[in-house]
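Reader: Hi! I would love a close look at the empty space inside this protein and at the helices packed around it. Could you take me through that part step by step?

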Amino acid sequence: MKKNFLTHGTIVLIAILMLSTTSCMKDLDLSPKYGLNTESVYNDPANYKRVLAKIYGGFSLTGNQGPAGNPDISGIDEGFSNYIRVLWNLQEVTTDEAVCGWLNDAGIRELNTMNWSSQHPWVRGMYYRIYFEITLCNEFIRQCDDAKLADRGFSETDKTAIKGFKNEARYLRALSYYHLMDLFGTGPFITEADGIGAFFPQQKDRPFLFSYVESELLAVEPLLPAPKQNEYARVDQAAVWSLLSRMYLNAQTYINTSKFNECVNYSNKVINAGYALDADYKHLFLADNHLSNEVIFPIVSDGLFTQSYGVTTFLIHAAIGGSMPASQFGVNGGWSGLRSTRKLYDAFGADTLTDGRYLFYTAGQFLDFSANNQLGTFTRGYAVTKWKNITRSGAAGSDNTGNFVDTDFPMFRLAEMYLNYAEATLRGGNGDQATAIQYINRLRDRAFGAGIGNVASIDLPFILNERARELYWEGHRRTDLIRYGLFTGGAYVWPFKGGDYAGGAVSNHLNVYPIPVSDLTANPNLTQNPGY
């Protein structure tokens, strides 16, 4: 088993109080409600790390039992409610990189065709997950207050450790607010300062959220461990720099102000922090990818101790169907859902036989869709074989049943920082273009072999395609297409965009998701995003 602190002992402890009741959570049945008394949890300094594990587990898990049966959030399917699973669907199935054939499942057809509404279950699930995570963080941070620690008579050693945990929770809260800003643009704003009790939070827009996330990240940066000095799958300074790099690259989208110099600077911080590209691209997506020196901040999957129907358990099972042999992926069967579109295949151009990142299953699969009713047919669209529950030595993951996987999900990795640096430089940032080309060629050296795929020049369309080739199915594509002005409108189309298998134009209001109507009803301070 990989070494991480999301072990059985830390996850099952938490019957932690729920917390503050705010309007953005009123329509949910949040579990657990009142198990252990707050003081009985926090009077033991050892429990702070266990509660922190629950906060980290908010990205991997869906409840306190695993894989299902005691959910954090009731009222939506627990398996569908996993943070990474809903994030991935909103970032990938809505784009040219993926389709999902589960047309009998609520909301799937609408994601494929970009026809969602303020009552869409996956949009609602993402919104709830974000605020559940924020609420967990707020309560934990509140319990780390200096006065509370002093009142509880903790030793100085315990106080120091707990203050470190608090800084990690502040980062994880900032990450959730970043996802709120990116996906929804706006939403209710709550912190530990709001205390406990029912009230109607004020709505904040993207400029406010951008400033808040930026300020929180800069505040915790010097307080977190140096790169690679924290326990596996816990955040450090490099995780801060990576999120800042991503946020600054997209600042024009978020606040209508470019931050390309800042993107270059923070990308450089990560690049110079001691990480290295994995020698084999495929190793990044295997059951022992915790061995990689390229992954900066992973979301943990463990087939024995972090069981859920989300994260990479979803990505691996759902991408297997047709004649694909599930045993070669380290699982017991496929769910016949996820495939790619021709646009992802086209991004590789003539290099499908030579680019090591081209990981597709084509036997019995048709590249194209020829009718709308083929969206639900798994053999339409090439299958993606990128994610596997197999180790580098060929062994299956730790769960002998083949149900749950060990493959961690890289929230950030070094390759993204190379691509961010190159794009920010091309867009006017203070990077060096020769260095940018060198970084791109490092990726291509790995993909093609030393020197074989090198390029002498780069431009923005090339970078967008290189991001597709390098980062596909890792949850980046929607944000990338919006940054390039290609997600909405009709200048760029892909299968089922707008409803038809040939693709068509869609309205620009779809660049952000709607606030769920249930929260609009609960909170009179909220206003819906335009167009919904």
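Author: Gladly; what follows goes from the enclosed space to the helices at its wall, and then to an open pocket for contrast.

Please keep in mind that this is a predicted model. Rolling a probe the size of a water molecule over the atoms shows where empty space is left. Here the count comes to five cavities of 30 Å³ or more. The largest cavity has a volume of about 210 Å³, and 23 residues line it. Which of them lie nearest its centre? They are Gln 91, His 179, Arg 246, Gly 475 and His 476. Several elements give two or more residues each to this lining: α4 (83-93), α8 (156-183), α10 (237-249), β10 (409-413), α15 and α18 (477-483). Sorted by class, the lining of the largest cavity has nine nonpolar, seven polar and seven charged residues.

Two of those elements, α4 and α8, also pack against each other. Two packed helices are described by the angle between their axes and the distance between the axes. For α4 and α8 the angle is about 25 degrees, and the axes are 12 Å apart. An angle under 35 degrees counts as roughly parallel, so α4 is roughly parallel to α8. The crossing of α4 past α8 is left-handed. On the α4 side, the contact is made by Tyr 83, Leu 87, Leu 90 and Gln 91; on the α8 side, Ser 176, His 179, Asp 182 and Leu 183 take part. Gln 91 and His 179 thus return here as members of the helix contact, having already appeared among the residues nearest the centre of the largest cavity. By class, the contact of α4 with α8 has four nonpolar, three polar and one charged residues.

Helix α4 has another partner, α13 (residues 311-318). The axes of α4 and α13 come within 7 Å and cross at roughly 50 degrees, which makes α4 oblique to α13. Ile 84, Arg 85, Trp 88 and Asn 89 of α4 meet Val 311, Phe 314 and Leu 315 of α13. This contact of α4 with α13 divides into five nonpolar, one polar and one charged residues.

Another element of the cavity lining, α15, spans residues 414-426 and packs with α12 (residues 260-271). Their axes come within 9 Å and cross at roughly 150 degrees; α12 and α15 are therefore roughly antiparallel to each other. The crossing of α12 past α15 is left-handed. Residues of α12 in this contact include Phe 260, Cys 263 and Val 264, and those of α15 include Leu 414, Met 417 and Tyr 418. By class, the contact of α12 with α15 has ten nonpolar, four polar and no charged residues.

Finally, the open pocket. The largest pocket has a volume of about 220 Å³ and is lined by 16 residues. Lys 228, Tyr 232, Tyr 275, Val 295 and Ile 296 lie nearest the centre of this pocket. Its lining has six nonpolar, five polar and five charged residues.

Definitions and conventions: Residues are numbered from 1 along each chain as its sequence is written. This is a predicted model: local features need pLDDT of at least 70, side-chain atom pairs count only at pLDDT 80 or more; totals for chains, interfaces and linings use all residues. Side-chain values use heavy atoms; hydrogens and water are left out. Axes are lines fitted to C-alpha atoms, for helices over the stretch in contact, and angles run from 0 to 180 degrees between N-to-C directions. Helices (H or I, at least four residues) and strands (E, at least two) are DSSP runs, numbered from the N terminus. Angles under 35 degrees count as roughly parallel, over 145 as roughly antiparallel, 65 to 115 as roughly perpendicular and the rest as oblique. A crossing is left-handed if the near helix is turned anticlockwise from the far one by less than a right angle, and right-handed if clockwise. Contact means heavy atoms within 4.5 Å. Ala, Val, Leu, Ile, Met, Phe, Trp, Tyr, Cys and Pro count as nonpolar, Asp, Glu, Lys and Arg as charged, and the others, Gly among them, as polar. On a 1 Å grid over the protein atoms alone, a cavity is a set of points where a 1.4 Å probe fits but cannot get out, and a pocket is an open set with protein on both sides within 12 Å along at least five of seven lines; lining residues have an atom within 4 Å of a point. Grid points are joined across faces, edges and corners, and a volume is the space filled by probe spheres set on the points.
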